[in-house]
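Me: Please take a close look at one part of this model, the contact between two of its chains. Then work outward from there.

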There are 4 protein chains.
Amino acid sequence: MSGNSFGNYFKITTFGESHGPAIGVTIDGCPAQIPISEEIINQALSRRKPGQSAISSPRKESDECKIISGVFNGLTTGTPLTILIENNNQQSKDYEPLKEVYRPGHADFVYQQKYGIRDHRGGGRSSARETAARVAAGVVANQILKNYNIEISSYVFSIGEVTLPMELRTEYPSDVINQFITRIPDTVYDEKAIQYLNTLKEQGDSCGGAIICFVKNCPIGLGNPVFDKLNAMLAHAMFSINAVKGFEIGQGLHSSTMKGSEYNDSLVSFDDHQTQYHSNNEGGITGGLSNGNTIYFSTYFKPVSSIKHTQSTLNTSNQPIDINVEGRHDPCVVPRAVPILEAMTALVLADAILSAKNDRI
Amino acid sequence: MSGNSFGNYFKITTFGESHGPAIGVTIDGCPAQIPISEEIINQALSRRKPGQSAISSPRKESDECKIISGVFNGLTTGTPLTILIENNNQQSKDYEPLKEVYRPGHADFVYQQKYGIRDHRGGGRSSARETAARVAAGVVANQILKNYNIEISSYVFSIGEVTLPMELRTEYPSDVINQFITRIPDTVYDEKAIQYLNTLKEQGDSCGGAIICFVKNCPIGLGNPVFDKLNAMLAHAMFSINAVKGFEIGQGLHSSTMKGSEYNDSLVSFDDHQTQYHSNNEGGITGGLSNGNTIYFSTYFKPVSSIKHTQSTLNTSNQPIDINVEGRHDPCVVPRAVPILEAMTALVLADAILSAKNDRI
Amino acid sequence: MSGNSFGNYFKITTFGESHGPAIGVTIDGCPAQIPISEEIINQALSRRKPGQSAISSPRKESDECKIISGVFNGLTTGTPLTILIENNNQQSKDYEPLKEVYRPGHADFVYQQKYGIRDHRGGGRSSARETAARVAAGVVANQILKNYNIEISSYVFSIGEVTLPMELRTEYPSDVINQFITRIPDTVYDEKAIQYLNTLKEQGDSCGGAIICFVKNCPIGLGNPVFDKLNAMLAHAMFSINAVKGFEIGQGLHSSTMKGSEYNDSLVSFDDHQTQYHSNNEGGITGGLSNGNTIYFSTYFKPVSSIKHTQSTLNTSNQPIDINVEGRHDPCVVPRAVPILEAMTALVLADAILSAKNDRI
Amino acid sequence: MSGNSFGNYFKITTFGESHGPAIGVTIDGCPAQIPISEEIINQALSRRKPGQSAISSPRKESDECKIISGVFNGLTTGTPLTILIENNNQQSKDYEPLKEVYRPGHADFVYQQKYGIRDHRGGGRSSARETAARVAAGVVANQILKNYNIEISSYVFSIGEVTLPMELRTEYPSDVINQFITRIPDTVYDEKAIQYLNTLKEQGDSCGGAIICFVKNCPIGLGNPVFDKLNAMLAHAMFSINAVKGFEIGQGLHSSTMKGSEYNDSLVSFDDHQTQYHSNNEGGITGGLSNGNTIYFSTYFKPVSSIKHTQSTLNTSNQPIDINVEGRHDPCVVPRAVPILEAMTALVLADAILSAKNDRI
């Protein structure tokens, strides 16, 4: 009700601030007997954590999780599964100068207006650190998806001005994607992006970027008409990630300039729960439900807000002030956003899978 | 839970199929003492109904609503407000040939796979007719927004290949927008679009399009971190509208190619609940909460699925068949989608307004 | 959120006022392919409607339902199922004198204080007429329970001072129960109760009463720990019925005076999903979950509020006034409450059945 | 959705097993700027914890809480408030013999049937230890109620065969109640109950009991018609507490034998938000909404399941076995259930308070 939960059947609630004792997540509605361990969650967390490469923030967040409840002898028990990730290596002093100033692009101002109080340290609740809890929950969701052979993979296709051409935006195996620190699975464009990011860093500047995600082997009919269409749930999920400003599914924006005769994906055959189409302009979702094709969608991120430029803003007395945001920030969030985006996708699909059990009696 | 409800506080549930006795909506959570009448709902419905202009479907849907409950002496009573809109002028016979065939682009196939049963007449539940119920509910939501002086207006900026240039995509008054049957508020581009649609009609083809929406005077702090960010709720709402394939807020997709130093909207002054910024790249939402700037976002629609071309598809025995969809269809949905989009926006904002009452005790 | 919905998976929302055009219910989350018809709903409604016997209100409510959506060719389609019951035979004039007065025992005063407005005619939303919508929804829930062989039956064991002795409170077949207009399935006590009610009628007075309900063949493990225990859901359901003031399950109040050594139901054998116990003090629910025994519980109703005595109260200007409530009222609600109570029980169980599908993957 | 959450606006989710690393609770929807500290929570926890008196279990649970999130500088921030209570002094070995046996009266059997897996140590999730998390959340709820001057107090009026006579069941100040280890606020009956419990202990037996609760200064109109009546929410809350088997509000069961002319509480005057009635048979709730009178209700608990008698039951291979439950158990739960019951009451009322903010615009 207050925005800290996601999902209807496989429902997660995250909690915690960037510089509090810990962040965490509770999953309510996880079926019993799903195998889970701290190890596989920690592996997933390491894909998100800062300090993992030359182009990410040098902050060191150890991101080791602890399962508090809901698991017994390595299996879920059907009771709420809570995962804690302690905060350490916090440098709250770094934020002392920001206590009475609203950083441009950040949620400082709006939180203060909304609640009349905010934890200014590291952005408090609005920090992207909260997404570590989502990654942890996404691991559990993925364990459910494995039962259905559903595979999610995503990669970066744009970092600032460096954009992978459309013809190269095909599916890539996850292990290939993970070889590239930019998460652009192409040697040339990965290199270009690294150079671009290095230049930005020197300039104390930042940039945006974009990620494409593929979901294979999704059963037909996931999603719920009319408000909880699968695309609506995915859009909701993506826009719940910090800095997301655009989302398109299938041909997306381009579809608005097409004709029906060009666009319609005709059904070619259906056999053994496998659907064949002559095209996939829909991106795997028709009428709000998965149609048996591979689902694909693109998510667009604004530039990182923290830059080492002098910017004008207001202080908490609403007076103009110049600010220079110090700290250890990524120049671009998208490489580290890949596992977050995959986690949110897994959460949407696990929820849809559980919902679909009641489509028929 | 099964996708037919929207909103947490101002919660609507729609019901009804295209060719059933009626469609309708129940609003639970509407505060008492809001003025409402069948007349103002009917006015809003007339903006959505087919047959209203030369470029829309010649189907005649009278779309007169009946308030069943929740209103006494012209005011809401705090009890559930149900609005019914009877279906008449249905030509169910038109759909008899489609009973055993899956129309390309439509939800026929996925509904059948999901539920094992579907009402094939006029698309049943998946028909865009359902959105009339949303428009009705949107009127009630708007009555709440009026108390806060919030104004929503939207117009079409793209119909197929005809696109209003970026520099013309400024705010227009609603009465100006309503003068144009394409809902493109520009004489030149309106005319171009009409010609384009006429050509499509002759070809039995269809096209997509796009709508931009502006929300003025939105209080600061609407939306809920972290999953129910205002942009996430708007994205969810927009993708719940049939045929939507893309959504962007503020600079949207373009923001992903920008630098932080270009993008950040600096706070310039804050006075008397009015915020001033040096720019509005965010589109009025920062950190998931309204920031006091005008909110604006664009929504992209795929082409209308029903075209008078021979298309290959499957029948309900999963055998290939050629199909030629007859019927009275719009060549492009966006002119009639404007009030639907505004209704969904109003629903998101009314819900956010009610939620915000508990931000502080 | 505002109290007009019940259930999490099989979710109903009722709407409508006593003297508005209609009351109704929307079921969201009903699986597809459940057989349903207006006929079987009307049959259930006739068990609830007034005027059915010498001891009930002489009001004539025809209570014919109309299915508006969600059913095609006699089967549910998985889309929201809306049922309307028109109000006719309303005598709103009867309530004109009550427009500015708060009837003792009724919700008039509290509604006015809560909302600042109320539909005074026939109690408006607070009228027991709303329960007809529940009975209709209960029929659909029961169709699901039939798939699991679950049987619900209930009867009256107390009307005012006439109480069926404990040793006679065993299970009775529904057709036996229905033979008695008091719904006390015993010739002697039925007769006593009728005489008692006739005396009350002459005195212009009313009384309370009590109902016991049995649920047979309930699968083991229904209900959800910790807050949505099956007994908690049943208690919630029962107290949502007008006039309910007490509820006990199994040995109920008596259990509080027992010793553990007397009370504990020992498991004797378990075979083929059949559990045997040496006793059933728990009333079929242990640890909040159905345990395989027959579920039984008792629900207690206060006296009907409308009596033909002069009572002191306040008017809407908060000034003392004497009132004499005219109208066509039952002297005791419990005979007609039997189908309402069964409907609420069916709703709880159908919801629990759907929930349990996700206990394990 | 899976039963681990309570409340719609002030929503709590508890997690944790008896012998896991910790139990805890997350509150989502708590308004900002509520003062809260670990100290006041710990004080409340000490009223619930075992080992506090000669008649309670000698188990030592330190029950020190840790606030993980949602509080900054002693005030809530509007973000989710998570409280952890570590489990220590667990003697999991005590439960090793119970691993493969179903204890009579406990949830062992039904959990195993439902989920196919269970944490047998200390009852796992079904342990009453989970209620410590509720007590913690109840403290936060109470901080909200204080703003409205709402006061909750409850005491034990029955322990097994020892029952406080009806005429002594009036309101008592909390500090008086707390002086009695049985929580029966009467020297004579407290003493009788202690003797009774000592005898039971010698016999290795247990008993049930009952608690009455009073809520003073409740604003008029709390609760939501029709399903979320305040009494329905309270009933739901009470039956969510382990071992509860009966609940009655106001005259409760007795009301079912009364006449309307005896029962109806007439409004006598209404002034300055203070309502006066000539009686309070309703127990402060009419038509599902608080009516301005003191709310009072009684809750009945079955005997503690764990007794030191040889009982017959089944093992996990469904074979008959004799069992003798060792361990450190209370002979009667009601003295320690008092703070749990008050916490659940506070949670219901805080939720109703927040809901009521949207009764009118």
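Reply: Chain D gives 15 residues to its contact with chain B, and chain B gives 15 residues in return. The model is predicted. Together the two chains bury about 1400 Å². Carbon and sulfur atoms account for 57% of that area. On the chain D side, the most area is lost by D:Lys357, D:Asn358 and D:Ile361. Together these residues make up 46% of what chain D buries against chain B.

Chain D also meets chain C. Here the contact takes 104 residues from chain C and 104 residues from chain D. The buried area is about 8200 Å². Again 57% comes from carbon and sulfur atoms. In chain C, the residues that lose the most area to chain D are C:Lys114, C:Phe227 and C:Lys245. Their joint share is 11% of what that side buries.

Now the inside of chain D. Helix α9(D) covers residues 334–356. It packs on helix α3(D), residues 131–147. The angle is about 45° and the axes lie 7 Å apart. That angle makes α3(D) oblique to α9(D). The crossing of the two helices is left-handed. From α3(D), the residues in contact include D:Arg134, D:Val135, D:Gly138, D:Ala141 and D:Leu145. From α9(D), they include D:Pro339, D:Ile340, D:Ala343, D:Leu347 and D:Ile353. By class, this contact has 14 nonpolar, 3 polar and 1 charged residues.

Chain D also holds a hairpin, built from β17(D) and β18(D). Strand β17(D) spans residues 310–314, and β18(D) spans residues 320–324. The two run antiparallel and are joined by 5 bridges. One of the pairings puts D:Thr310 opposite D:Asn324. Between the strands lie 5 residues. In that turn, D:Asn318 has a positive phi of about 60°.

Next, chain A and its helix α9(A), residues 334–356. This helix packs against α6(A) at an angle of about 145°, with 9 Å between the axes. The crossing of α6(A) and α9(A) is right-handed. On the α6(A) side, the contact is made by A:Leu230, A:Met233, A:Leu234, A:Ala237 and A:Met238. They meet A:Leu341, A:Met344, A:Thr345, A:Val348, A:Leu349 and A:Ala352 of α9(A). The class count is 10 nonpolar, 1 polar and no charged residues.

Helix α6(A), residues 230–239, also lies across strands of a sheet. Those strands are β11(A), β16(A) and β11(B). The helix runs at about 155° to β11(A). Helix α6(B) lies across β11(A), β11(B) and β16(B). Its angle to β11(B) is about 155°.

The sheet itself is open and has 10 strands, with antiparallel pairing. Its order is β9(A)-β8(A)-β10(A)-β16(A)-β11(A)-β11(B)-β16(B)-β10(B)-β8(B)-β9(B). In that order, β11(A) is followed by β11(B). The edge strands are β9(A) and β9(B), each at residues 162–163. Each of these edge strands pairs on one side only. Within chain A, strand β8(A) covers residues 151–159 and β10(A) covers residues 209–216. These two pair in the antiparallel sense over 8 bridges. Among the partners in β10(A), A:Ile211 is bridged to A:Val156.

Note on methods: Residues are numbered from 1 along each chain as its sequence is written. Chains are lettered from A and ligands numbered from 1 in the order in which they are written. This is a predicted model: local features need pLDDT of at least 70, side-chain atom pairs count only at pLDDT 80 or more; totals for chains, interfaces and linings use all residues. Side-chain values use heavy atoms; hydrogens and water are left out. Two strands pair if DSSP finds at least two bridges between them. Helices (H or I, at least four residues) and strands (E, at least two) are DSSP runs, numbered from the N terminus. Axes are lines fitted to C-alpha atoms, for helices over the stretch in contact, and angles run from 0 to 180 degrees between N-to-C directions. Angles under 35 degrees count as roughly parallel, over 145 as roughly antiparallel, 65 to 115 as roughly perpendicular and the rest as oblique. A crossing is left-handed if the near helix is turned anticlockwise from the far one by less than a right angle, and right-handed if clockwise. Contact means heavy atoms within 4.5 Å. Ala, Val, Leu, Ile, Met, Phe, Trp, Tyr, Cys and Pro count as nonpolar, Asp, Glu, Lys and Arg as charged, and the others, Gly among them, as polar. Buried area is the accessible area (1.4 Å probe) that two parts lose on being put together, summed over both.
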